[in-house]
Amino acid sequence: MNTVEWSDALLLDYEPMDTVHREFVDLLAAAQNASDAALPQTWAAVVAHTVRHFGREDEWMQRTGFASADNHILQHRVVLNLLREGLAMAQAGQMDPVREMAGELAVWFAKHTQTLDAALALHMRREPSPVSTAHRPRGGRGAHASPG
């Protein structure tokens with residue numbers, strides 16, 4: 001199985017993305033190393049994190065008019081759908097397909113990070129008003145809020 005491990009090859013020189021990517025790698029590694037009994041819970045953590053991770057990037061792309069947003073967002077949707085299918089399989093006791101999915105996700109993540117995310121990171125570094133590094137809950141005062 002392809003395993004995931006953090007390396008400098010995944011660094012994008014954009015702290016908000018690098019931080020969330022490190023978290024993703026840690027969660028995916030935990031899922032890859034989980035026992036069958038723990039896999040549904042660790043996979044659920046991967047899914048929950050990825051929903052927030054992709055949602056944040058999607059918002060940045062839409063808000064800043066990122067040229068490649070459509071393709072990037074489509075990849076996010078496809079991967080999230082697969083992760084959710086994996087969660088249903090894990091909860092049904094089908095661990096082997098989920099473990100295979102985890103290995104494929106590790107390969108996809110490295111390629112996605114070094115291509116599409118690298119382009120987004122470059123775009124974000126060039127933005128006149130950088131994005132806050134804080135994780136903001138959805139629905140609160142955020143990037144779309146007007147200054148008070």
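Let's start inside the fold: Phe-54 and Trp-108 are both buried. These two residues form an aromatic pair with an edge-to-face arrangement, 6.1 Å centre to centre and with 65° between the planes. Please keep in mind as you look around that this is a predicted model. The protein chain contains four helices and zero strands, and the points below go from the overall layout to single residues.

**Overall layout**

- Read from the N terminus on, the elements of the protein chain follow the order α-α-α-α.
- The protein chain has 148 residues, and 45% of them count as buried.
- Among contacts in the protein chain with a separation of 6 or more, 73% come from residues 24 or more positions apart.
- About 8,100 Å² of the protein chain is exposed, and carbon and sulfur atoms supply 52% of that area.

**Aromatic pairs**

- The count of aromatic pairs comes to three, and two of them are described here, beginning with Tyr-14 and Trp-60.
- Tyr-14 and Trp-60 pair edge-to-face, at 5.7 Å centre to centre and 85° between the planes.
- Tyr-14 sits in the segment before helix H1 (15-33), while Trp-60 belongs to helix H2 (residues 39-64), so this pair ties together parts that are 46 residues apart in sequence.
- Tyr-14 has a relative accessibility of 7% and counts as buried, because the cut-off for that label is under 20%.
- Trp-60 has a relative accessibility of 2%, so Trp-60 counts as buried too.
- Turning back to the pair from the opening, Phe-54 and Trp-108 have ring planes 65° apart, and this is edge-to-face because that label applies over 60 degrees.
- Phe-54 is part of helix H2 and Trp-108 is part of helix H4 (residues 95-126), so their pairing ties together parts that are 54 residues apart in sequence.

**A look at Asn-71**

- You will find Asn-71 in helix H3, which covers residues 69-91.
- Asn-71 has a relative accessible area of 41%, so this residue is partly exposed: its value falls between the 20% limit for buried and the 50% limit for exposed.
- From C-alpha to C-alpha, Asn-71 and Leu-116 are 8.9 Å apart in space, and in sequence they are 45 residues apart.

Technical notes
Residues numbered from 1 in each chain as written. Predicted model: local features only at pLDDT ≥ 70, side-chain atom pairs only at ≥ 80, totals over all residues. Heavy atoms only, no water. Helix = DSSP H or I, 4+ residues; strand = E, 2+ residues; numbered from the N terminus. Buried < 20%, exposed > 50% of the residue type's maximum accessible area, 1.4 Å probe, protein only. Phe/Tyr/Trp six-rings, centres within 6.5 Å; stacked < 30°, edge-to-face > 60°. Contact = heavy atoms within 4.5 Å. Areas by Shrake-Rupley, 256 points an atom, 1.4 Å probe, with all protein chains shown as cover.
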